[in-house]
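Please open the model in your viewer and keep the selection panel at hand. The stops below go from one selection to the next.

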Amino acid sequence: MSEPNDNHLPEARGIYSDFLKKNKMFFTKERTQLLDFIFEQKGHFSADELMFEMQKADVKVSRATLYRSLSQMVEAGILSESDFGHGHTHYEIAIGSKPHVHLICTDSGDVREVHSQKLEEALNDLARKEGFKIKRYKIQVFGVSKSSRKEAAKL
Ligand SMILES: [Zn+2]
Ligand SMILES: [Zn+2]
């Protein structure tokens, strides 16, 4: 799982506030609450999962605002989106996050986040050869996890 992102919250607030200002929108109380709540989340979350968590925590933000704000935050570079083949988008905090690999189990839908120094070196090497400057990346790998294979063997 990713490390806690709380330390990047002030930075995210600044970026979001600038983004909203540029787009002639206000950093409303609702948007502030939403951003703060997102920074309490760990790992990856869908809009529905976030909505569910917010309802549990009694944070009142409408579904429309949630969806709109999530895409704004992606546009502003605060969040990034991933498709794990679940039929919905997953979000994670992009600020301060290191390049990583998602191991996506197609049987259980579980997603594990892993880091590989070797892979990073290989990509940097590739980019250098191509004269390409890497900004960020995430690699999606689909397969079957150890625990799913164990489950399947039991049947
Ligand atoms: Zn999902
Ligand atoms: Zn991730």
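Begin by selecting His 86, which is partly exposed at a relative accessible area of 32%, and add His 88, also partly exposed, at 36%; partly exposed lies between buried (under 20% relative accessible area) and exposed (over 50%), with a 1.4 Å probe and protein chains only.

This is a predicted model, in which local features need pLDDT of at least 70 and side-chain atom pairs count only at pLDDT 80 or more, while totals for chains, interfaces and linings use all residues. Residues are numbered from 1 along each chain as its sequence is written, chains are lettered from A and ligands numbered from 1 in the order in which they are written, and side-chain values use heavy atoms, without hydrogens and water.

Next, show the zinc ion (ligand 1), whose protein donors, at 2.1 to 2.2 Å, are His 86 through ND1 and His 88 and His 90 through NE2. Donors are N, O and S atoms within 2.8 Å of the metal (3.2 Å for Na, K and Ca), and water is not among the atoms, so sites may look incomplete. Along the sequence, the donor residues follow the spacing H-x1-H-x1-H.

Now colour domain 1 (6-93) and domain 2 (100-154) separately; these bounds come from an automatic or database domain assignment. Their centres, taken over C-alpha atoms, are 25 Å apart.

Finally, select Glu 92 and Lys 138, whose side chains form a salt bridge at 3.9 Å, N to O, the term standing for a side-chain nitrogen of Lys or Arg within 4 Å of a carboxyl oxygen of Asp or Glu. Between domain 1 and domain 2 the count is one salt bridge.
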